[in-house]
Amino acid sequence: MSELESLYRKVLKELGEDTEREGLLDTPKRAAKAMKFLTSGYETELSDVVNNAVFSSDNDEMVVVQGIEFYSLCEHHVLPFIGRCHIGYLPNGKVLGLSKFARIVDMFARRLQIQENLTKQIAEAVEEVTGCRGVGVIIEAQHMCMMMRGVQKQNSMMRTSVMKGAFREQQATREEFMRLAGI
Ligand SMILES: Nc1nc2c(ncn2[C@@H]2O[C@H](COP(=O)(O)OP(=O)(O)OP(=O)(O)O)[C@@H](O)[C@H]2O)c(=O)[nH]1
Ligand SMILES: [Zn+2]
């Protein structure tokens with residue numbers, strides 16, 4: 001039994017559960033496996049995710065990848081926050097393989113996070129791998145710690161953004177991004 005598995009067993013016992021009953025026999029193992037997956041971003045590096053899928057291109061117009069869904073865990077309550085991420089960038093001779101945007105999002109989402117930091121880490125990663133002239137990231141998410149417990153608000157949405165380079169300096173670039181991202 002792994003350390004994580006035995007800790008989950010202890011948690012179940014502390015909650016007053018009978019860990020020997022049929023339905024719970026494999027639960028510590030399953031929970032440990034699930035949590036390892038949900039935090040697998042800690043074992044992932046940007047270079048592995050990108051896998052050299054950066055291609056030369058003389059198209060220097062804005063590229064937007066809209067609506068990348070993600071599942072993360074808030075670092076305060078270890079409860080899920082779930083949402084969508086929109087990424088835009090202005091290439092500077094190099095473009096990134098399309099699927100890699102989603103892989104970058106997952107790499108950072110599968111860690112304990114706050115939404116603001118997740119947004120910033122994604123923007124910095126896109127900037128680092130593409131050397132782009134600017135990048136914008138917007139995340140819209142709902143936090144289970146605010147829905148299932150605590151203040152129990154079901155309909156609020158948190159929207160965070162990070163704008164870098166031309167996206168920060170030029171209003172028109174920022175607006176084009178918002179329009180293409182459907183915000
Ligand atoms: N800014 C930000 N806050 C977050 C995020 N995820 C959770 N939180 C907040 O973190 C705060 C933690 O507040 P505390 O007062 O220490 O914890 P708490 O008593 O459980 O707070 P309540 O949720 O208000 O019951 C709460 O306001 C959460 O809503 C996030 O991604 N970004
Ligand atoms: Zn929380």
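Helices (H or I, at least four residues) and strands (E, at least two) are DSSP runs, numbered from the N terminus. Under that scheme, helix H1 is followed by Gly16, whose phi is positive, near 90°. The structure is a predicted model, in which local features need pLDDT of at least 70, side-chain atom pairs count only at pLDDT 80 or more, and totals for chains, interfaces and linings use all residues. Residues are numbered from 1 along each chain as its sequence is written, while chains are lettered from A and ligands numbered from 1 in the order in which they are written.

## Overall layout

The protein chain has eight helices and seven strands. Its C-alpha trace spans about 65 × 40 × 20 Å along the principal axes. The domain assignment (bounds come from an automatic or database domain assignment) gives domain 1 (3–38) and domain 2 (53–181). The C-alpha centres of domain 1 and domain 2 lie 33 Å apart.

A residue is called buried if 20 or more other C-beta atoms lie within 10 Å of its own, exposed if 12 or fewer, and partly exposed in between, with C-beta atoms placed from the backbone. Buried residues make up 30% of the 183 residues in the protein chain. Two residues are in contact if their C-beta atoms, placed from the backbone, lie within 7 Å. Of the contacts with a separation of 6 or more, 71% are between residues 24 or more positions apart.

## Helices H1 and H5

The expected span of a helix is 1.5 Å times one less than its number of residues. For the 12 residues of H1 (residues 3–14) this gives 16 Å, and the end C-alpha atoms are 16 Å apart, which agrees. H5 has 16 residues and reaches 23 Å from its first C-alpha to its last, close to the expected 22 Å. Gly131 follows H5 and has a positive phi, near 60°. The buried residues of H5 are Leu118, Thr119, Gln121, Ile122, Ala123, Ala125, Val126, Val129 and Thr130.

## Nonpolar core

A nonpolar core is a set of buried Ala, Val, Leu, Ile, Met, Phe, Trp, Tyr and Cys residues joined through C-beta atoms within 7 Å. In soluble globular proteins, nonpolar side chains tend to be buried together. The largest nonpolar core here has 33 residues, of which Ile87, Ile104, Val105, Ile122, Val126 and Val137 touch the most other members. Elements that each supply at least two residues of this core include strand E2 (63–74), strand E3 (80–90), helix H4 (98–109), H5 and strand E6 (134–143). Not counting residues up to four places away in sequence, Val137 touches Cys85, Ile87, Thr119, Ile122, Ala123, Ser161 and Val162.

Gly134 lies in E6 and counts as buried because 23 C-beta neighbours are inside 10 Å. With the same exclusion of residues up to four places away in sequence, Gly134 touches Tyr89, Leu90, Lys164, Gly165, Ala166, Phe167 and Thr173. Gly134 and Gln170 are 36 residues apart in sequence and 9.9 Å apart in space, C-alpha to C-alpha.

## Ligand 1

A residue is near a molecule if its C-beta atom, placed from the backbone, lies within 6 Å of it. The residues around ligand 1 are Cys74, His76, Ile114, Gln115, Glu116, His143, Cys145, Met146, Gly150 and Val151. H5 (115–130) and helix H6 (144–147) each supply at least two residues of this shell. The shell divides into five nonpolar, four polar and one charged residue; Ala, Val, Leu, Ile, Met, Phe, Trp, Tyr, Cys and Pro count as nonpolar, Asp, Glu, Lys and Arg as charged, and the others, Gly among them, as polar.

## Exposed and partly exposed positions

Three exposed loop residues are tabulated with their neighbour counts.

| Residue | Loop | C-beta neighbours inside 10 Å |
|---|---|---|
| Asn51 | between H3 and strand E1 (54–56) | 11 |
| Val78 | between E2 and E3 | 12 |
| Met148 | between H6 and strand E7 (158–165) | 12 |

Asn51 has a positive phi of about 50° although it is not a glycine. Val78 is likewise not a glycine and has a positive phi of about 55°. Met148 and Glu128 are 20 residues apart in sequence, and their C-alpha atoms are 37 Å apart in space.

Leu112, in strand E5 (residues 112–113), counts as partly exposed because it has 16 C-beta neighbours inside 10 Å. Leu112 touches Thr39, Leu73, Glu75 and Val78, not counting residues up to four places away in sequence. The C-alpha atoms of Leu112 and Ser72, 40 residues apart along the chain, are separated by 7.1 Å.
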